[in-house]
Amino acid sequence: MHVVVVESPAKAKTINKYLGKDYVVLASFGHVRDLPAKDGSVEPGNDFHMHWETDARGKKALSEISKALKGADQLILATDPDREGEAISWHVQAELGKKLKGIDVKRVVFNEITKTAILAAMKAPRAIDQELVDAYMARRALDYLVGFTLSPVLWRKLPGSRSAGRVQSVALRLVCERESDIERFRAREYWTVEADLVSKGGAVVTATLMQLNGKKLDKFDLSGEADALAAKKAVEAGPLDVWRVEKKRVKRHPFAPFTTSTLQQEASRKLGFSAKHTMQLAQRLYEGVDIGGETVGLITYMRTDGVTMAEEAIGACRSLITRNFGADYLPAAPRLYKTKAKNAQEAHEAIRPTDVFKKPEEIGRYLDRDQLRLYELIWKRTLASQMESAEMDQVAADFADGKRKTVLRATGSTIAFDGFLKLYREDRDDPEDDEGEGKRLPPLNEGESVSLKDVRPLQHFTEPPPRYTEASLVKKLEELGIGRPSTYASILSVLQERNYVRMDGKRFIPEDRGRLVTAFLESFFARYVEYSFTADLEEKLDEIADGRIAWRKVLADFWQAFHTSVDDTKELRVSDVLNALDDSLGPHFFPPRADGSDSRVCATCGNGRLSLKLGKFGAFIGCSNYPECKVTKPLAVANGENGGAGEEQEGPKLLGQSSAGYAVTLRQGPYGPYVQEGDADTLPPVVKETKKGGRKESPAKPKRVSLPKGLDPAAVDLEKALSLLTLPREVGLHPETGTKILAGIGRFGPYLKYGETFKSIPAGDDVLTIGLNRAVMLLAEPKGGRGGRGAKPEGRPLGNHPEDGKPVMAHAGRYGPYVAHAGVNATLPKEVALDAVTLEQALPLLAARKAKGPVAKKPFKRAAKKS
């Protein structure tokens, strides 16, 4: 008997079918152990000894594996073919320990879940690659040491901060630096001159002035309207003829098949998917989809830096190209691509279909919409990578006066042979990157005279650099050698989850919290957010994987300098940090005024000085004359965007009165704008009975509701404010359970509440107007899972409990199906199926479980500190 360990139960089921009855395939459910999230898990003073801890899920998985090993001859570790997969196998072997006595332990890897690939892998077993494990341990220890050493410094010195990370902090710096570039940007005016010229054949050609008075024009040579009008007169002076016509045929070659990074970028551009969503979909396509009763892995392993493809895959592509497009679209020889990855371990096969003959249109009915869109993208990119190059005819025509002092140019580009473009075109992040094929020039002969139809001076202004999209940020991180493509999805998610950045129109904008953290790290830990330092550390991790350097030496070199930097901050006072941040961020938040006056002078009191202040939940700008002057404003550039959002809020703005007769005001707090009904002086006091039977009055707290992100405070009138003050509002009753669904705005933005379930309302839906049908649809959507292992379902409502009216739900849990009500969970008996359980069956199970009382928890034992 052979026991095979993979990572997920979906893979286990499929692979067991391929291997047959002599094999038992079990899932480890990812890592079976990890470093516990507490101090002391890595001991720098003890040669970086690492303390691993097995969680409940890991213990259960190991227990199942141990049972299966009784009487077995061999343990085959078949986790994913990368560092993480190697580490999971190593952890499993280490935890099983003595239970493996007399059992042959082997490691196998495969790049796709097909019967051919699995059987071939079983014929090529090897030992665990310790160098890959060492690289994993070094990365895990580095991330732990940075997080658990640097984050407490942030919490103490920078209230409101959440955490810092080795790679996430550098990614955050990129976003913040781009925002600073945008804020410092000052538009510059320039002009161009266009002319419509008519050829002898009557065709109209639009050309742009390139040379004036014998001098080639630079971008800013025509700096104003007067210059442009003078240039216009020179063009009108004519006459003009065709001076030169340049024609050339160029080839455009297809792109390499997808790597993790390029898949994330292109799925973001073409499909609008986040990196996280892309990886979740790819994981599902890799692990297998039910097609006609058989689970089939549709794509190869999706965490890779490689662009190579197996010979049989290339052969299949070439066969399909000939069949579908004809011999003209097939190059004479197969196309071979070379990876740019520095680490050979990561350079597996590219992401491709396991069977290119499984066309998207033929298997689409077995996939959900997003799975199909991603599979189609991978399928087209793979097939196009083996197609013939496209051929473009490029034409440039120069039109000049008789003395060749004034020259205009027109360009055109047409597709002579579409080649791979017939199937696939790569999108660009910004329109100016487009090569603009499709504009065609009419036949023109040198020396041919042309007539002037119209001349137009055009005014332009330079534009700031664009904010990063997910695609362009992933591309930048990869260019700098920061992190690994397989980690980018989690990095981008963490930045958003910790409110360091937000997405606006699919582009990253740093929040004030993110800017403060970046400024703090640049002021006191500059070396550790340098792009070159982080990239060099990645190279060292690659060298560990290649066996060229010892992992403990890399950790020792890093820790010595890093620990010294942390110790240097111990004597820092919060006021010292505040002064440093005020100096660092001041130029951005207090740019010079047009009249030359000091932008830090408080416009309300006239003699106070505006500066950075720190509150419990973050930073804001306040006056030095507080509390006499209560001016505050959010962290934003004083003359920045959003219609002057940075101007001082001199006090509440009265919008009108509520039906109860209380003032409704728009206010600006340190953490953003909000609306408020009444105040402590006008609202009746709250009366409470004391324990001795008396009555005690306390001031009433006025109702406040934050403005949702994207709502301009200037657009808030009395009607909008009153609507917000009704939140949370009842959307309606769930059609299946009759349970009330509420919509409101909370700490993390707009949400839906259904029983004990909360669901974020996505961008594009209005918390004030969202209807019952849309709310039910959102509640039915699964929550995002971790690690690409799929999503946890919300559960199936069975009805309301007769005692309190709260919903009773049926769930598919990690350890089996169960029913839940008001915090009580009861496991379903084996004879009761999850999809068949009823409310009548659930009620006695819940009552029996509740009668037993809460599960006793083991007391937490804090590890003794070493002297």
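How many bridges join β7 to strand β8? Four bridges join the two strands, and β7 and β8 run parallel. The model described here is a predicted one.

**Strand β7 and its neighbours**

Strand β7 covers residues 74–77. On its other pairing, β7 meets strand β1 (residues 2–6), again in the parallel sense and over four bridges. Within that pairing, Val 5 is opposite Leu 77 of β7. On the β8 side, where the strand spans residues 104–107, Lys 106 is the bridge partner of Ile 76. Between β7 and β8 the chain passes through helix α3 (residues 83–96), and the resulting β-α-β crossover is right-handed.

In a regular strand the side chains alternate between the two faces of the sheet. In β7, Gln 74 and Ile 76 point one way, while Leu 75 and Leu 77 point the other way. These four residues are all buried.

**Salt bridges**

Side chains of opposite charge can pair when their charged atoms come close. The count for this model is 42 salt bridges. Three of them are listed below, with the distance between nitrogen and oxygen and the separation along the chain.

| Pair | N to O distance | Separation along the chain |
|---|---|---|
| Asp 34 and Arg 140 | 3.0 Å | 106 residues |
| Glu 179 and Arg 467 | 2.8 Å | 288 residues |
| Arg 456 and Asp 196 | 2.7 Å | 260 residues |

The salt bridge between Asp 34 and Arg 140 links distant parts of the chain, with Asp 34 in strand β3 (residues 33–34) and Arg 140 in helix α5 (residues 130–157). Asp 34 is partly exposed, at 32% relative accessibility. Arg 140 is also classed as partly exposed, with a relative accessible area of 21%.

The salt bridge of Glu 179 with Arg 467 likewise links distant parts of the chain: Glu 179 belongs to helix α6 (residues 168–184), and Arg 467 lies in the loop between β17 (449–461) and α13 (470–480). Glu 179 counts as buried because its relative accessibility is 6%. Arg 467 is buried as well, with a relative accessible area of 16%.

In the remaining pair of the table, Arg 456 and Asp 196, the partners sit in two strands, Arg 456 in β17 and Asp 196 in β9 (residues 189–198). Arg 456 is partly exposed, with a relative accessible area of 23%, whereas Asp 196 is buried at 13%. Elsewhere, salt bridges that share partners connect Arg 139, Asp 143, Arg 166 and Glu 538 in one network.

**Cysteines**

How many disulfides does the structure hold? The structure holds zero disulfides. Cys 605 takes part in no disulfide, and the nearest cysteine sulfur, that of Cys 623, is 3.7 Å away. Why is there no bond from Cys 623 to Cys 605? The cut-off for a disulfide is 2.5 Å between the sulfur atoms, and the 3.7 Å from the sulfur of Cys 623 to that of Cys 605 is therefore too far for a bond. Cys 605 is partly exposed, with a relative accessible area of 30%, whereas Cys 623 is buried at 2%.

**Gly 813**

Gly 813 is located in strand β34 (residues 807–813). Its relative accessible area is 27%, and Gly 813 therefore counts as partly exposed. A distance of 9.2 Å separates the C-alpha atoms of Gly 813 and Thr 827, which are 14 residues apart along the chain.

Technical notes
Residues numbered from 1 in each chain as written. Predicted model: local features only at pLDDT ≥ 70, side-chain atom pairs only at ≥ 80, totals over all residues. Heavy atoms only, no water. Buried < 20%, exposed > 50% of the residue type's maximum accessible area, 1.4 Å probe, protein only. Pairing = 2+ DSSP bridges. Right-handed = clockwise from strand over helix to strand, strands pointing away. Salt bridge = Lys/Arg side-chain N within 4 Å of Asp/Glu carboxyl O.
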